[in-house]
Amino acid sequence: MRTRPNVDPDLPPTPGGTVTGIIASARSAGRFTVLVDDKPAHTLGLAALERLALRVGVTTIGREQVIAREEAALRTYDRAVMMLAARGRAAKDLERQLVRKGEPVEFARLAVDRLAAEGFLDDESFARNFVRSRSGAAGLARRRLQQELGRKGVQRTIADEAIAEVFAEEEIDEVAAATALAAKRARALAGADRQTARRRLYSFLARRGYAPSVISAAIERAAGEIPDDERVAESE
């Protein structure tokens, strides 16, 4: 588990001294290692170096906590970038996950705000992509999509707009989508009697957020795929 950066004023700060070199980091692209008294002391970005006016010959004595804070915030930001690169996320969800992984709340919020300002974090775009993916592959209904996006911290208005936009673009008919799901699922229930199959189909579609009226219509349309009690009895 990653240790938290040393930014607590009650803890001893990183020793100060004279900056003797600033070199490109061998481990992180776009980052620079600050040598203090010829020893690696900090890893910072170019913006932080300029903001702190760090250059060869200046002293860091008296600014240890300020520099440590900049370094810690950058580490949280870099972690956020890696998490976002691995999988698209909503802003609130990313912030929660950063805190869950041990990042300070303040730095997690700063990282999310920075990514949003840079255009790398966009809840509207995330919501549309999520709806497009989950309405197709998983066959989730509007209500379930609203719930899922809500759990990820997406505002209700943004979620509703994304759902409406994607459903219109993809011409998604919930009854038709539920019918296709029911027909496919029914074929996997070949060993069950008709009543049990219908009950399981109902639960299956309900978990995906379909309304009772839609489920009933879908099951009726997919009735041909539901095993007939007599055929089941004969096969036994």
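**Figure 1. Secondary structure of the protein chain in the predicted model, with eleven helices and three strands.** Read along the sequence, the elements of the chain follow the pattern β-β-β-α-α-α-α-α-α-α-α-α-α-α. Of the 236 residues in this predicted chain, 40% are buried, and the chain exposes about 13,500 Å², of which carbon and sulfur atoms supply 50%. Among the contacts with a separation of 6 or more, residues 24 or more positions apart account for 58%.

**Figure 2. Close-up of the largest pocket, which holds about 410 Å³ of space.** The lining is made up of Ser25, Arg27, Ser28, Arg31, Thr43, Glu71, Leu74, Arg75, Asp78, Val81 and Met82. Helix α2, spanning residues 64-86, gives the largest share of this lining, with six residues. Sorted by class, the residues of the lining comprise five charged, three polar and three nonpolar.

**Figure 3. Close-up of the second largest pocket, with a volume of about 330 Å³.** This pocket is lined by 15 residues, and those closest to its centre are Arg51, Glu70, Ala73, Leu74 and Arg114. Two or more residues of the lining come from each of the elements α1 (46-52), α2 and α4 (105-117), and the largest share, six residues, belongs to α2. By class, the lining of the second largest pocket consists of nine nonpolar, five charged and one polar residue. Leu74 is listed both in the lining of the largest pocket and among the residues closest to the centre of the second largest pocket, while helix α2 supplies the largest share of the lining in the largest pocket and likewise in the second largest pocket.

**Figure 4. Close-up of helix α10, residues 212-221, with its buried residues Val214, Ile215, Ala218 and Ile219.** Seen down the axis of α10, these buried residues fall within an arc of 130 degrees, so they line one face of the helix. On the other side of α10, Ser213 and Arg221 are exposed, here in the sense of over 50% relative accessible area, whereas buried stands for under 20%. The packing partners of the buried residues of α10 are two other helices, α8 (174-187) and α9 (194-207).

Key:
Residues numbered from 1 in each chain as written. Predicted model: local features only at pLDDT ≥ 70, side-chain atom pairs only at ≥ 80, totals over all residues. Heavy atoms only, no water. 1 Å grid on protein atoms, 1.4 Å probe; cavity = no way out; pocket = protein on both sides within 12 Å on 5 of 7 lines; lining within 4 Å. Points joined across faces, edges and corners; volume = space filled by probe spheres on them. Helix = DSSP H or I, 4+ residues; strand = E, 2+ residues; numbered from the N terminus. Nonpolar A, V, L, I, M, F, W, Y, C, P; charged D, E, K, R; others polar. Buried < 20%, exposed > 50% of the residue type's maximum accessible area, 1.4 Å probe, protein only. Contact = heavy atoms within 4.5 Å. Areas by Shrake-Rupley, 256 points an atom, 1.4 Å probe, with all protein chains shown as cover. Arc of directions from axis to C-beta.
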